[in-house]
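User: I would like to learn how to read cavities and chain contacts in a model. Can you take me through them one at a time?

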Number of protein chains: 2
Amino acid sequence: MQPTTVMPPMDELRKVFREAGLSLTHQRVVLYRAVLEMRSHPSPEAIYERVRDEIPSISLGTVYKNIRAFMDAGLVREVSPHHGTLRLESNLEEHHHLVCTRCKAIVDLEESDLEPVRLRRELPGGFRVDRYSVEFRGLCAACSAKPDLS
Amino acid sequence: MQPTTVMPPMDELRKVFREAGLSLTHQRVVLYRAVLEMRSHPSPEAIYERVRDEIPSISLGTVYKNIRAFMDAGLVREVSPHHGTLRLESNLEEHHHLVCTRCKAIVDLEESDLEPVRLRRELPGGFRVDRYSVEFRGLCAACSAKPDLS
DNA sequence: TATTAAACGATAATTGTTATCGAAAAGTCA
DNA sequence: TGACTTTTCGATAACAATTATCGTTTAATA
C-alpha cells in the first residue's frame with residue numbers, strides 16, 4: 001500500500017502554490033502538508049486540531065479560508081457534494097444517484113440500470129458492507145447549458 | 001417510469017406509523033406524504049416550504065423532529081452519510097469509498113480494486129458525467145465489534 | 001370522556017461556516 | 001534591500017442549519 005500523495009519538498013510546494021495563484025505563507029504550507037498527510041478525509045475541525053501542534057496561534061477561520069482556497073484551486077476536493085444540508089430519500093430500494101454538482105439536484109438510477117459492481121479483491125479487514133451505491137457526478141442538462149458564473 | 005413509492009391510503013398509513021411506534025398526527029401524515037411524493041431528495045427547508053401549503057402554521061422544528069423520527073424508524077433515509085460537516089480528500093485519483101455509518105470513517109479503495117462500472121442504458125437526457133465513484137456503506141471492524149449503544 | 005403520554009409551535013441554544021476588519025506578513029520592483 | 005502594494009492572518013461578529021427546551025395542545029388508552 002503506497003501513499004497516494006507524496007509529500008512535496010519546499011521548492012515543489014512553491015511551484016504548486018504559484019500555479020494555483022496562492023501566495024506562500026507559513027500557515028498555508030503547514031495546512032497543505034497536514035491535509036496531504038491525513039489519510040482520514042479530515043474535517044476542518046480535525047485539521048485545525050492537528051495543525052495547532054505546529055502553529056498553536058492559528059485560528060479556525062484561517063483553516064476554513066485556506067481549505068476553501070485549496071478547493072477552489074483544485075488541490076483538494078470535498079468528499080460529499082451535499083454536505084451543507086440534509087437530503088432525504090424515500091426510495092428504499094437499492095439504487096444509484098446522478099448528482100449535479102452545480103445545482104445539487106439528485107436523480108435516482110434504478111439498480112437495474114447498471115451492471116452489478118464487482119470487487120477484484122477483499123475489502124480491508126473486517127469491514128461489513130450493508131449496501132453500496134454508485135454516485136455519478138457532473139452537470140445536469142439545465143446547468144451545463146448555463147454559463148459558469150463562478 | 002413508475003413511481004418507486006406508492007402513496008399509501010390512510011389505513012395503511014395508520015399501520016405503518018403504528019409499527020414504527022409513531023403516534024398518528026395530522027402534521028406527521030402530511031409530512032410523510034410530502035416526502036414520499038417529492039422525488040427530488042428534498043432538504044428539510046424544501047419539505048417545510050411544501051408542507052406549509054397544507055398546514056400554514058406548521059413550524060420548522062416540527063419538520064426536523066419528524067424527519068428524525070422517520071429516519072430512526074427507517075421510513076426514509078438520508079442521502080449522504082457525511083452531511084454534517086465538510087470532509088476533505090487529497091487523493092485526486094479516481095477511487096472509491098468505504099464508509100462507516102457509525103463513526104463516519106472513510107477509507108479509500110483504489111480504482112483498480114473494482115471491475116469498471118458499466119451502464120446498461122443511457123443516462124437521463126443531457127446529464128454530463130465528470131466522474132463517478134462507488135460508496136460502500138457499513139460498519140468498520142472497530143464499530144461492528146462494539147455493541148450498538150443508540 | 002377522563003387520564004396519561006406524546007407531539008406541537010415558539011423560541012433559545014448549539015454547531016458549522018462565512019464575513020469583516022485592523023494588524024502583520026508576503027509579493028513586487030526600483 | 002527598502003518602500004510600497006497586496007494578500008493573509010487572527011479575532012470576532014454574523015449567518016445558516018440543526019437541536020433542545022418548555023408550556024400548550026392533541027392523540028392514545030381504557
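**Cavities and the chain interface**

Analyst: This is a predicted model. Start with the enclosed spaces: there are 4 cavities of 30 Å³ or more.

User: What is the volume of the largest cavity?

Analyst: About 160 Å³. Its lining holds 18 residues. Closest to the centre are Pro81(A), Glu135(A), Arg137(A), Pro81(B) and Glu135(B).

User: Which strands supply at least two residues each of that lining?

Analyst: In chain A, β5 (128-139) does. In chain B, β3 (95-100) and β5 (128-139) do. The largest share is that of β5(B), with 4 residues.

User: How do the lining residues of the largest cavity divide into nonpolar, polar and charged?

Analyst: The lining has 9 polar, 5 nonpolar and 4 charged residues.

User: Now the interface. How is its size usually given?

Analyst: Often as the accessible area that is lost when the parts come together. Here chain B and chain A bury about 6,900 Å² between them. Carbon and sulfur atoms give 57% of that area.

User: Which residues of chain B lose the most area to chain A?

Analyst: They are His41(B), Arg77(B) and Leu88(B). Together they account for 13% of what the chain B side buries.

User: How many residues does each chain bring to the contact?

Analyst: Chain A brings 71 residues, and chain B brings 71 residues.

User: And how should I read the charged pairs?

Analyst: The general idea is that side chains of opposite charge can pair when their charged atoms come close. Over all chains, the count is 10 salt bridges. Across the interface of chain B and chain A there are 6.

User: Which residue of chain A forms a salt bridge with Asp113(B)?

Analyst: Arg121(A) does, and the closest N and O atoms are 2.9 Å apart. In another salt bridge, Glu89(B) meets Arg77(A) at 3.5 Å, N to O.

User: Why does the pair of Glu89(B) and Arg77(A) join two chains?

Analyst: Because Glu89(B) lies in strand β2 (residues 88-89) of chain B, while Arg77(A) lies in strand β1 (residues 77-78) of chain A.

User: How many residue pairs are in polar contact between chain B and chain A?

Analyst: The count is 37, with both residues at pLDDT 80 or more.

User: Which element gives the most to the side of chain B that touches chain A?

Analyst: That is β5(B), with 12 residues. The whole of that side divides into 33 nonpolar, 21 polar and 17 charged residues. Recall that β5(B) also gives the largest share of the lining of the largest cavity.

Conventions:
Residues numbered from 1 in each chain as written. Chains lettered and ligands numbered in written order. Predicted model: local features only at pLDDT ≥ 70, side-chain atom pairs only at ≥ 80, totals over all residues. Heavy atoms only, no water. 1 Å grid on protein atoms, 1.4 Å probe; cavity = no way out; pocket = protein on both sides within 12 Å on 5 of 7 lines; lining within 4 Å. Points joined across faces, edges and corners; volume = space filled by probe spheres on them. Nonpolar A, V, L, I, M, F, W, Y, C, P; charged D, E, K, R; others polar. Contact = heavy atoms within 4.5 Å. Buried area = accessible area lost by both parts, 1.4 Å probe. Salt bridge = Lys/Arg side-chain N within 4 Å of Asp/Glu carboxyl O. Polar contact = N/O pair within 3.5 Å; in protein donor to acceptor, adjacent residues only side chain to side chain.
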